[in-house]
Amino acid sequence: MGAESYLNIGKGKTAQHAFDRLVEKAQWDHGHAGYTGTIAEKTDFVEFIRPKGMRRDSVRKMVEQLEGVMYDSYGLPDLEPLQALYPKFNIQKMYNIYQEKWGPALCISLSDTEYLFTGYASS
């Protein structure tokens, strides 16, 4: 089986509320049978707080760059350039969550009531 990347932005009183709503909608849209390649495959998430002063657009750009990470000659992800661009985030930890199709979703708060969820999901 493969994996697909997804990116969803949801609103809610809490990250859990937004997550539950997005998962429910994805299950409604894509079914409950599994392997949809959507957030419907996720059962939990790990939340990162957007640093003060960091724009929403910058968060989205950073997330998009996680998918384009290059690998070194040993087959390891070269995260140094991305970490240099976004020093207030733990890029290694975020990348590990993002790329794991069976693990939790990566969540980043965009505001007090809006959250970005992303990662890979089984397809």
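Here are three short exercises on aromatic pairs and a surface patch in this predicted model.

**Exercise 1.** Work out how the rings of Phe19 and Phe117 are arranged, and which parts of the chain they link.

*Solution.* Start with the overall tally: there are five aromatic pairs. One of them is Phe19 with Phe117, with 5.5 Å centre to centre and 50° between the planes. Planes under 30 degrees apart would be stacked and over 60 edge-to-face, so the rest count as tilted. That makes Phe19–Phe117 a tilted pair. Next, place the two on the chain: Phe19 sits in helix H1 (residues 15-30) and Phe117 in strand E4 (residues 114-122), 98 residues apart, so to speak a link between distant parts of the chain. Finally, check exposure: Phe19 and Phe117 are both buried.

**Exercise 2.** Classify the pair Phe45 and Phe117, then find the cluster it belongs to.

*Solution.* The ring centres are 5.5 Å apart and the planes stand at 80°, so this pair is edge-to-face. Phe45 is in strand E2 (residues 45-48) and Phe117 in strand E4, so the contact ties together parts 72 residues apart in sequence. Phe45 is buried, like Phe117. Put the pieces together and you get one aromatic cluster of Phe19, Phe45 and Phe117.

**Exercise 3.** Decide whether Met1 is buried or exposed, and name the surface patch it joins.

*Solution.* First, locate Met1: it comes in the segment before strand E1 (3-11). Its relative accessible area is 75%. Exposed means over 50%, so Met1 is exposed. Now look at its partners: Met1, Tyr35 and Trp102 make up a nonpolar surface patch, with about 440 Å² of accessible area together.

Technical notes:
Residues are numbered from 1 along each chain as its sequence is written. This is a predicted model: local features need pLDDT of at least 70, side-chain atom pairs count only at pLDDT 80 or more; totals for chains, interfaces and linings use all residues. Side-chain values use heavy atoms; hydrogens and water are left out. Patches are made of residues with over 30% relative accessible area and no salt bridge: like charges are joined within 9 Å, nonpolar side chains (Val, Leu, Ile, Met, Phe, Trp, Tyr) within 5 Å. Accessible areas come from the Shrake-Rupley method with a 1.4 Å probe; for residues, only the protein chains shown count as cover. A salt bridge is a side-chain nitrogen of Lys or Arg within 4 Å of a carboxyl oxygen of Asp or Glu. Helices (H or I, at least four residues) and strands (E, at least two) are DSSP runs, numbered from the N terminus. Buried means under 20% relative accessible area, exposed over 50%, partly exposed in between (1.4 Å probe, protein chains only). Rings of Phe, Tyr and Trp (its six-membered ring) pair if their centres lie within 6.5 Å; planes under 30 degrees apart count as stacked, over 60 as edge-to-face and the rest as tilted.
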